Amino acid sequence: MNVHDSERLSGLLEDAGYVKAVAGDTADLVVFNTCAVRENADNKLYGTLGHLAPIKAEREGMQIAVGGCLAQKDRDTVVKKAPWVDVVFGTHNIGSLPVLLERARHNEQAQVEIIESLEAFPSTLPAKRESAYAGWVSISVGCNNTCTFCIVPALRGKEVDRRPGDVLAEVQALVEQGVLEVTLLGQNVNSYGVSFADPEEPRDRGAFAKLLRATGNIEGLERVRFTSPHPAEFTDDVIEAMAATPNVCPQLH
Ligand code: SF4
């Protein structure tokens with residue numbers, strides 16, 4: 001999910017006119033897309049931000065942005081601990097990054113924007129894909145479980161499912177761009193169908209199996225994978241759909 005979101009961030013920035021820096025120390029903008037699953041993520045982030053402070057001090061106009069789960073968790077604390085950070089954005093509003101950077105430049109003040117619920121599925125944003133043949137497609141965001149050790153529901157929110165028609169249209173568009181393999185993404189990918197964002201779309205516990213079968217009809221799509229599935233949601237209809245759909249890989253995370 002994080003890699004997928006990073007590809008969207010790159011795509012958004014390219015659309016806004018940014019180009020990839022040749023080497024790290026020549027960058028005018030550094031964006032951290034953080035993860036909060038492992039405990040030392042905080043230490044790593046603040047340590048790395050500390051290394052960047054003197055570089056930024058010498059490089060006029062350089063900007064630093066921090067997004068992702070740790071930003072969603074720490075919010076204002078990021079700019080309190082590292083006041084040289086220009087933009088802090090959360091997991092629900094990655095599409096705001098170019099505007100926030102612009103606003104930080106204009107106002108000469110750090111911009112912190114954390115939104116509590118999803119603005120738009122990140123898959124609707126432009127992407128700069130790392131691979132020419134493989135693509136990520138998010139089908140849901142968030143999780144309705146409350147596993148004791150896990151911070152995901154607090155930072156990604158309750159599960160919101162994307163309409164099957166939108167998912168399939170995105171897969172089709174990727175195949176038309178030459179993609180042979182897609183990975184369907186969700187925090188709890190096989191509970192897909194419990195809470196569609198579109199109120200017109202009825203709740204459907206068989207939705208994930210149907211979605212897998214429907215990908216089998218997309219001509220030119222050679223491989224379909226998905227991550228991460230939850231054992232409790234692994235219903236027989238999903239297993240049957242995997243068996244019956246040749247392009248769905250016999251692989252489980
Ligand atoms: S199902 Fe997965 S994402 Fe959801 S709370 Fe449990 S560990 Fe976290």
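**Exercise 1. Burial in a salt-bridged pair**

Lys73 has a relative accessible area of 33% in this structure, which is a predicted model. Classify Lys73 as buried, partly exposed or exposed, then do the same for its salt-bridge partner Asp74.

Solution.
1. Buried means under 20% relative accessible area and exposed means over 50%, with partly exposed in between.
2. Lys73, at 33%, is therefore partly exposed.
3. The partner, Asp74, has 10% relative accessibility, so Asp74 counts as buried.
4. The side chains of the two residues meet at 3.2 Å, N to O.

**Exercise 2. Two further salt bridges**

Find the salt-bridge partner of Glu170 and that of Asp5, and state whether the residues involved are buried or exposed.

Solution.
1. Glu170 pairs with Arg162, with 2.8 Å between the closest N and O atoms.
2. Glu170 has a relative accessible area of 11% and is therefore buried; Arg162, at 5%, is buried as well.
3. Asp5 forms a salt bridge with Arg156 at 3.0 Å, N to O.
4. Asp5 lies in helix H1 and Arg156 in helix H6 (residues 152–156), so the pair, 151 residues apart, links distant parts of the chain.
5. Both Asp5 and Arg156 are buried.
6. The whole structure holds 17 salt bridges. A network of salt bridges links Arg163, Asp166, Asp198 and Glu201.

**Exercise 3. A sheet and its helices**

Give the strand order of the open sheet of 3 strands, and say which helices lie on it.

Solution.
1. The order is S5-S8-S9, and the pairing is parallel.
2. Strand S5 (134–138) and strand S9 (223–227) are the edges, each pairing on one side only.
3. Neighbouring strands are turned by 25° against each other on average, direction ignored.
4. Strand S8 (residues 181–185) pairs with S9 over 5 bridges; Thr183 has Arg225 in S9 as its bridge partner.
5. Helix H1 (residues 2–15) packs on the sheet and touches S5 and S8, its direction making about 100° with that of S5.
6. Helix H8 (residues 207–215) lies across S8 and S9, at about 155° to S9.

**Exercise 4. The overall fold**

Decide whether the protein is as compact as a globular protein of its length or not.

Solution.
1. The protein has 9 helices and 9 strands.
2. Its radius of gyration is 19 Å, close to the 18 Å from the globule rule for 253 residues, so the protein is as compact as a globular protein of that length.
3. Of the 253 residues, 47% are buried.
4. Among contacts between residues at least 6 apart in sequence, 71% join residues at least 24 apart.

Key:
Residues numbered from 1 in each chain as written. Predicted model: local features only at pLDDT ≥ 70, side-chain atom pairs only at ≥ 80, totals over all residues. Heavy atoms only, no water. Pairing = 2+ DSSP bridges. Helix = DSSP H or I, 4+ residues; strand = E, 2+ residues; numbered from the N terminus. Axes fitted to C-alpha atoms, helices over the stretch in contact; angles between N-to-C directions. Contact = heavy atoms within 4.5 Å. Rg over C-alpha atoms; globule rule 2.2 N^0.38 Å. Buried < 20%, exposed > 50% of the residue type's maximum accessible area, 1.4 Å probe, protein only. Salt bridge = Lys/Arg side-chain N within 4 Å of Asp/Glu carboxyl O.
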